[in-house]
Amino acid sequence: MPHEEFMHAALKLARKGLGRTSPNPAVGSVIVKGGRIISSGYHSRAGMPHAEIKALSGAGDLSGATLYVTLEPCCHFGRTPPCTDSIISSGIKEVVVGTLDPNPRVAGKGIAALRRSGINITTGVLRDECASLNEAYNIYIRRKTPFITLKLAMSLDGRIATKAGESKWITCVEARKEVHRLRSMNDAVMVGSGTLLEDDPELSVRLVRGKSPVRVVLDSTLSLPASAKVYNGVKAGRARLIILTGQKTGRKKIAQAEALGAEVIKVSASRDGLSIKAVMRGLGKREITSVLVEGGGRLAASLIKAGLVDKYIFYYGPVIIGGDGLPSIAALGIKGLSRAPGLTAIKARTIGSCISVECYPAKGR
């Protein structure tokens with residue numbers, strides 16, 4: 001079908017903005033006339049023109065043209081003017097939309113404004129693909145906390161390190177490159193203080209081209225040393241570091257971290273350490289829409305027990321470590337299989353010498 005063909009083209013454009021448009025969604029748009037694309041655009045960064053505006057600006061004569069856009073055009077003033085006003089004034093008489101915007105400021109109002117002006121509207125073309133593109137944005141808009149992806153790199157028997165703590169490298173270089181790509185597509189990457197003290201990761205993007213995410217560290221006592229690699233580039237403004245710590249952390253420790261460029265946020269405690277729900281609320285208030293959690297096992301267990309994981313991505317390396325190795329997920333206290341978290345929409349594939357498994361929490365289990 002022609003509609004699907006042109007929406008696929010708009011989706012391809014929209015993917016170019018993934019990881020760069022937050023807190024806005026990634027959106028692509030094409031304008032078709034006489035059966036061919038005459039102009040196109042995608043949203044590249046918050047504050048920059050939206051996809052529809054870019055497409056309209058390079059289109060020329062729009063008589064008889066159709067605008068395709070992956071997400072409902074906005075109808076309110078934000079960092080940029082309403083897209084609906086520009087579409088109406090352009091003379092476009094047909095607009096094809098992939099999916100509606102869940103943002104209450106839009107949520108059907110953009111479509112209604114276009115219809116009132118006499119524009120013919122078709123909605124729901126490749127709806128699932130268009131919605132999936134912005135899964136993080138959709139969750140963030142609804143609950144005001146980030147979309148959480150839990151990534152674990154482990155041996156085939158589910159261990160993230162040997163008994164001695166050695167973990168470099170369980171997975172292949174192809175898997176590690178993909179993890180760096182995942183980092184570039186998320187607003188933030190998060191680790192617990194145990195992982196940081198053990199591995200001293202920088203949490204930047206190096207193996208692929210892309211932006212480095214905000215670094216987020218959970219450290220209930222602020223034990224992070226000043227020499228930690230997560231501080232690299234922070235004071236110079238090349239990177240951003242957020243440390244979440246307990247309410248009892250002393251002012252001196254906080255001042256030392258802030259002097260190194262970190263933003264320190266105090267949050268309430270829970271039985272497992274810091275309240276993971278309070279952590280996510282704090283990040284949501286700072287317009288962080290997506291977080292890639294990279295470890296370790298205690299943090300993974302805390303997220304799962306709190307029901308906060310939105311997506312799982314597991315990388316299995318071609319090695320067996322054994323029962324004395326460190327488990328990828330700490331104890332969950334599950335006494336029966338009926339209470340074990342279920343998974344759905346499972347996709348498995350090989351990547352180099354590794355196996356990648358992507359899935360989502362099953363509802364109602």
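Me: What makes the crossing of α3 and α4 right-handed?
Reply: The near helix is turned clockwise from the far one by less than a right angle; anticlockwise would be left-handed. The crossing of α3 and α4 is therefore called right-handed. The model is predicted: local features need pLDDT of at least 70 and side-chain atom pairs 80 or more, while totals for chains, interfaces and linings use all residues. Residues are numbered from 1 along each chain as its sequence is written, and side-chain values use heavy atoms, without hydrogens and water.

Me: How do α3 and α4 run relative to each other, and why is it called that?
Reply: The axes of α3 (residues 83-90) and α4 (residues 109-116) come within 10 Å and cross at roughly 20 degrees. Angles under 35 degrees count as roughly parallel, over 145 as roughly antiparallel, 65 to 115 as roughly perpendicular and the rest as oblique, so α3 is roughly parallel to α4.

Me: Which residues of α3 and α4 meet?
Reply: Thr 84, Ile 87 and Ile 88 of α3 meet Gly 110, Ala 113 and Leu 114 of α4, where contact means heavy atoms within 4.5 Å. By class, this contact of α3 with α4 has four nonpolar, two polar and no charged residues; Gly counts as polar.

Me: Is Leu 126 buried or exposed, and how do you know?
Reply: Leu 126 has 13% relative accessibility. Buried means under 20%, exposed over 50%, and partly exposed in between, with a 1.4 Å probe and protein chains only, so Leu 126 counts as buried. Leu 126 lies in the loop between β5 (120-123) and α5 (127-133), and its phi is near 55 degrees, a positive value in a residue other than glycine.

Me: What does Ala 107 count as, and why?
Reply: Ala 107, at 39% relative accessibility, falls between the two cut-offs, so Ala 107 counts as partly exposed. Ala 107 is in the loop between β4 (94-99) and α4, and has a positive phi of about 35 degrees although it is not a glycine.

Me: What makes β11 and β17 the edge strands?
Reply: The open sheet has nine strands in the order β11-β10-β9-β8-β14-β6-β15-β18-β17, with mixed pairing. β11 (263-267) and β17 (343-351) each pair on one side only, and so are its edge strands.

Me: How do you know that β17 and β18 pair?
Reply: Pairing requires that DSSP finds at least two bridges between two strands. Seven bridges join β17 to β18 (residues 354-361), so the two count as paired, and they run antiparallel. Ala 348 stands opposite Val 357 in β18.

Conventions. Axes are lines fitted to C-alpha atoms, for helices over the stretch in contact, and angles run from 0 to 180 degrees between N-to-C directions. Helices (H or I, at least four residues) and strands (E, at least two) are DSSP runs, numbered from the N terminus.
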